[in-house]
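Open the model in a viewer and keep the selection tool at hand. The stops below say what to select and what is found there.

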Amino acid sequence: MENLQAMHRQANRLMIEKFKKESLVNDTPEQRLVRLTVEHPQYNVDFSFHSYSKDWFVSDVGMKMSNVMISNQMVALDCEMVLCEDGTEGVVRVGAVDRNLKVILDEFVKPHKPVVDYRTTITGVTAEDVNKATLSLVDIQEKLRPFLSSGTILVGHSLNHDLEVLKIDHPIVIDTSLVFKYPNSTKRRRPSLNTLCMSVLGYEVQKPGVSHHCVHDAAAAMKLALAVIDKRVDTTITLTKEMVEAEKSRLFLHRIPHYLSSEELKIDLSLKFFPKKIAVDVKPAKTQGGNYCAIVIFGSSVEANQAFENINGYQETDSSGLPQKLLSCSRATIYIRKMA
């Protein structure tokens, strides 16, 4: 089994490398988006999974598509994740839509590890939902296997997080967080799904204080891909004054240790730092068992700026030059910085 997985990984890697070297002239619009993803500097970092254990599903598409005739079929995917006892992320709900935005998967998943934080305000998933779930991670992999084995392009926003928790290693992807970019910005700074939806599609997919929905987020990623494919929209997004204001009305928390639950974090923030009503949007860790991050959403940029200034602590700048401070919570010290 492990030898077969190794063969598949190697074939997939060689297929992508060959695809990168091929001429762009004959690319379909779908292939162009795959190319924008796999040629991004972060692709090799984000999508080089440690898929060596037997519970991973490694796509065999590289064994079948040595001529790199990448399929134009697309499926968009998104997951809701909880925090497990060992600090890893566990998938509890999976949503997927096809090119026509038809829902092909919307299932709750039972994690095989104890859950310590359901993040219900963000995921919309409760302990009751998980307790009623009958499908395992293997069941979800089996439901997706026919698409992956036929060379279907997987679409998503920060798709590597979803594939990591699903334990699926599939090389042919369109990641909208890598395809779209801010004007005059480094490749390290990625637009959020909500920012892209407001800029390209004209609506908010994730409203402050409202839990996420994996099917809606998957559909949003598919719509973004189709906007480029069918309508030829520019992949450099245009920020309106309203979007800039929304960005400035948020503060970014990072290096949050996994043992500090999202609820405990929110209580700490409300009691110690931000007495006014706030919304906290938690983002998964970039690596399993690693630190996670969160966004604190205020009513305006004035409120966000005042809240930042009120925090006692040494002010420095992060790697992008944005102001940040150390924040001492009850059980951890984390960083907080401005978003713009």
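Select aspartate 318 first: at 15% relative accessibility, aspartate 318 counts as buried. Add arginine 337, which is also buried, with a relative accessibility of 15%. The two side chains meet in a salt bridge, with 2.9 Å from N to O. Colour the surroundings by secondary structure: arginine 337 lies in strand E14 (residues 333-338), while aspartate 318 is in the loop between strand E12 (315-317) and strand E13 (323-328), so the salt bridge ties together parts that are 19 residues apart in sequence. This is a predicted model.

Stay with these strands and widen the selection to the sheet. In what order do the six strands of the open sheet lie? The order is E10-E11-E9-E14-E13-E12, and the pairing is antiparallel. Strand E10 (279-283) and E12 are the edge strands, each pairing on one side only. On average, neighbouring strands of this sheet are turned by 30 degrees against each other, direction ignored.

Within the sheet, pick out E9 and strand E11 (residues 292-297). These two run antiparallel and are joined by five bridges. To see one of the pairings, select isoleucine 256 and tyrosine 292: tyrosine 292, in E11, is the bridge partner of isoleucine 256.

Next, select helix H10 (residues 193-201). Its buried residues are Leu193, Asn194, Thr195, Leu196 and Cys197. What do the buried residues of H10 pack against? Show helix H9 (176-179), helix H11 (214-231), helix H12 (241-248) and strand E9 (250-256), which are the elements they pack against. E9 therefore links this stop to the previous one, as a member of the six-stranded sheet and as a packing partner of H10's buried residues.

Zoom in on asparagine 194, which is placed in helix H10. Asparagine 194 has a relative accessible area of 4%; the cut-off for buried is under 20%, so the residue is buried. Leaving aside residues up to four places away in sequence, asparagine 194 touches Glu204, Val205, Gln206 and Arg250. Then move to the end of the helix and select glycine 202, which follows H10 and has a positive phi, near 80 degrees.

Now select strand E6 (residues 153-156). Which residues point which way from E6? Ile153 and Val155 point one way, Leu154 and Gly156 the other way, and all are buried. Show strand E2 (residues 74-84) as well: E2 and E6 run parallel and are joined by three bridges. Methionine 74 has isoleucine 153, in E6, as its bridge partner. Then show strand E8 (residues 173-175), which runs parallel to E6 and is joined to E6 by three bridges. Here valine 155 stands opposite isoleucine 174 in E8.

Return to charged pairs. The count of salt bridges in the model comes to 14. For another of them, select arginine 119 and glutamate 89, whose side chains meet at 2.8 Å, N to O. This pair links distant parts of the chain, 30 residues apart: arginine 119 is in the loop between strand E5 (115-117) and helix H5 (120-123), and glutamate 89 is in strand E3 (residues 89-98). Buried or exposed? Arginine 119 counts as buried at 5% relative accessibility, and glutamate 89 counts as buried at 7%.

Go on to arginine 35 and glutamate 39. They form a salt bridge in which the closest N and O atoms are 3.4 Å apart. Arginine 35 counts as buried at 3% relative accessibility, whereas glutamate 39 is partly exposed, with a relative accessible area of 41%. Add Asp27 to the selection: Asp27, Arg35 and Glu39 are linked in a network of salt bridges.

For the last stop, switch on the surface and select Leu4, Met7 and Met63. Together they make a nonpolar surface patch of about 280 Å². Leucine 4 lies in helix H1 (residues 2-21) and counts as partly exposed, at 41% relative accessibility.

Definitions and conventions
Residues are numbered from 1 along each chain as its sequence is written. This is a predicted model: local features need pLDDT of at least 70, side-chain atom pairs count only at pLDDT 80 or more; totals for chains, interfaces and linings use all residues. Side-chain values use heavy atoms; hydrogens and water are left out. A salt bridge is a side-chain nitrogen of Lys or Arg within 4 Å of a carboxyl oxygen of Asp or Glu. Buried means under 20% relative accessible area, exposed over 50%, partly exposed in between (1.4 Å probe, protein chains only). Helices (H or I, at least four residues) and strands (E, at least two) are DSSP runs, numbered from the N terminus. Contact means heavy atoms within 4.5 Å. Two strands pair if DSSP finds at least two bridges between them. Axes are lines fitted to C-alpha atoms, for helices over the stretch in contact, and angles run from 0 to 180 degrees between N-to-C directions. Patches are made of residues with over 30% relative accessible area and no salt bridge: like charges are joined within 9 Å, nonpolar side chains (Val, Leu, Ile, Met, Phe, Trp, Tyr) within 5 Å. Accessible areas come from the Shrake-Rupley method with a 1.4 Å probe; for residues, only the protein chains shown count as cover.
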